[in-house]
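User: Please take a close look at the salt bridges of this model and at the secondary-structure elements that carry them. A formal, connected account with explicit cut-offs would be most useful.

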Amino acid sequence: MMAHQAVFQPFDWPREGRVIAIGDIHGNLPLLDALLRQMDLTPQDRLVFTGDIIEKGPDSLATLRRVMALCHAGRAVCVCGNCDLAYLAVEPGQGEDALQKMLAWRKGGLVCQMLEEMGVKPGPGCDYAALGYMLARRYEAEFAFLRGLPTVLEGRHVRFVHGGMPVDVCQKTSAYAYMKCNAFADYAPVQDKLVVCGHWPTLISYLRPPDASPIWDTQRRILSIDGGCSLKDAGQLNAVVVPQDGACGMAFYAVDGFPRGRVMDSQAASGNPLYIRWMDNAVRVQQHGAEFCRCLHLASGRYIDILTDTLYADGDCLRCEDTTDYRLPLEVGEEVAVMRQTSRGYWVKKGGVPGWYTGRLELVQSPRQGPMPLVGAAYYPPGMPDDGRRAYR
């Protein structure tokens, strides 16, 4: 399924209130609601959703309706992400098997939830053309909303887009090229204005060690805010307060739904950690274990203990979910998000950074987190020497 021609719409900055960009939600309504509560919104604030509001999480239909309500009330705007193209399953001209393919590909996604709400379960011999027509009629408002989402929102100093701005001139008319601009923050050249984007989780960026917090590249004018919500074990939903000049004074909010713990024993950072990300996660088991397996990471040639239930087969290749052997630097009294307890310690997150803690931990009730300052930096794309910025430009 392919998207249509890219649609640019102007974005008018409100005279009062904040402009807050919200990263990929992926159908996680509880985290969206928690984030909205945390931000103490006023009627003057305006939200900008950077796409992928649905799919992969548990509540796509309810999340879509929540975002629709905010947009219809004039409180929010939204650009289209690649996962928001679910409407193509019932779009004329997409082929007779478009709906059937969507249901097989996005099990539990938006269209599946619509059918569940209707009490319909397609079986052998299903007339998918008739079913698509029924869905299009029943959910006309939802599909019309998705169909009408722009590709890019263009402000004077700030541009909002899902994936990024394609460099290839031949791709610039295709909406899909803007949605699937993979690893934009890692490789894009200097932009003419601040580009606020989602799509590529910051946890898998090669610009820095894994961190679910937003990436703000001050020199290339890129703000990447997808925290991996619903996709990554250490994921979170990010929101960034974007200043009108796109240059200073940024702050961000984040929610992840994990319980909090207070560190009771200090711990020093481990040296030379190994980070395994989605793009290079092929491994070979050297020693099987019920809880952990000793594995060889094929890309680095290094050995690492990996939680057994995070290993999965991909054809003939064995892979693992994102992981690391990094021990976080922690002091007594610091608060961490507790993602998992194991026999060897805790898999935790400090700020947005995942890692291991092997000391004692006290579970606590964390107060609501206020805005955190977002520190900008000049990030250099992988393989570029420190003096390579000029050539990259």
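Analyst: Asp322 and Lys232 are both buried, where buried denotes a relative accessible area under 20%, exposed one over 50%, and partly exposed the range in between, computed with a 1.4 Å probe on protein chains only. Their side chains meet in a salt bridge with an N to O distance of 3.1 Å; the term requires a side-chain nitrogen of Lys or Arg within 4 Å of a carboxyl oxygen of Asp or Glu. This pair links distant parts of the chain, 90 residues apart: Asp322 lies in the loop between strand S18 (317-320) and strand S19 (323-324), and Lys232 in the loop between strand S9 (222-224) and strand S10 (237-241). Helices (H or I, at least four residues) and strands (E, at least two) are DSSP runs, numbered from the N terminus.

The model is predicted, so local features need pLDDT of at least 70 and side-chain atom pairs count only at pLDDT 80 or more, whereas totals for chains, interfaces and linings use all residues. Residues are numbered from 1 along each chain as its sequence is written, and side-chain values use heavy atoms, with hydrogens and water left out.

Over the whole structure, the search finds 20 salt bridges. In general, side chains of opposite charge can pair when their charged atoms come close. Another case is Asp33 with Arg66, whose closest N and O atoms are 2.2 Å apart. Asp33 belongs to helix H1 (residues 29-38) and Arg66 to helix H2 (residues 60-72), so this pair ties together parts that are 33 residues apart in sequence. Asp33 counts as buried, at 19% relative accessibility, and Arg66 as partly exposed, at 31%.

The setting of Asp33 follows from its helix. Eight of the 10 residues of H1 are buried, so H1 is largely enclosed by the rest of the structure. Besides Asp33, the buried residues of H1 include Leu29, Leu31, Leu32 and Gln38. The buried residues of H1 pack against strand S2 (19-22), strand S3 (46-49), H2, S10 and strand S11 (251-255), a contact being heavy atoms within 4.5 Å.

A further salt bridge lies between two strands: Asp305 pairs with Arg294, the closest N and O atoms being 3.2 Å apart. Asp305 is in strand S16 and Arg294 in strand S15, so the pair ties together parts that are 11 residues apart in sequence. Asp305 is partly exposed at 28% relative accessibility, as is Arg294 at 34%. Elsewhere, salt bridges that share partners join Glu154, Arg159, Asp192 and Lys193 into one network.

The strands carrying Asp305 and Arg294 belong to an open sheet of three strands, in the order S14-S15-S16, with antiparallel pairing; two strands pair if DSSP finds at least two bridges between them. Strand S14 (283-287) and strand S16 (302-307) stand at the edges, each with a single partner strand, so one side of each is left without a neighbour in the sheet. Neighbouring strands are turned by 40° against each other on average, direction ignored, the angles being taken between lines fitted to C-alpha atoms (for helices, over the stretch in contact), on a scale from 0 to 180 degrees between N-to-C directions.

Strand S15 (residues 292-297) is joined to S16 by six bridges, and Leu296 has Tyr303 in S16 as its bridge partner. On the other flank, S14 and S15 pair over four bridges, again antiparallel, with Gln287 standing opposite Arg294 in S15. Arg294 is thus placed opposite Gln287 while also forming its salt bridge with Asp305. Both connections are hairpins: four residues join S14 to S15, and four lie between S15 and S16, where Gly301 in the turn has a positive phi of about 75°. S15 is mostly covered, with five of its six residues buried.

One charged residue in another helix completes this account. Glu142, in helix H6 (residues 140-147), counts as buried at 9% relative accessibility. Not counting residues up to four places away in sequence, Glu142 touches Leu61, Leu64, Arg65, Met68 and Met114.
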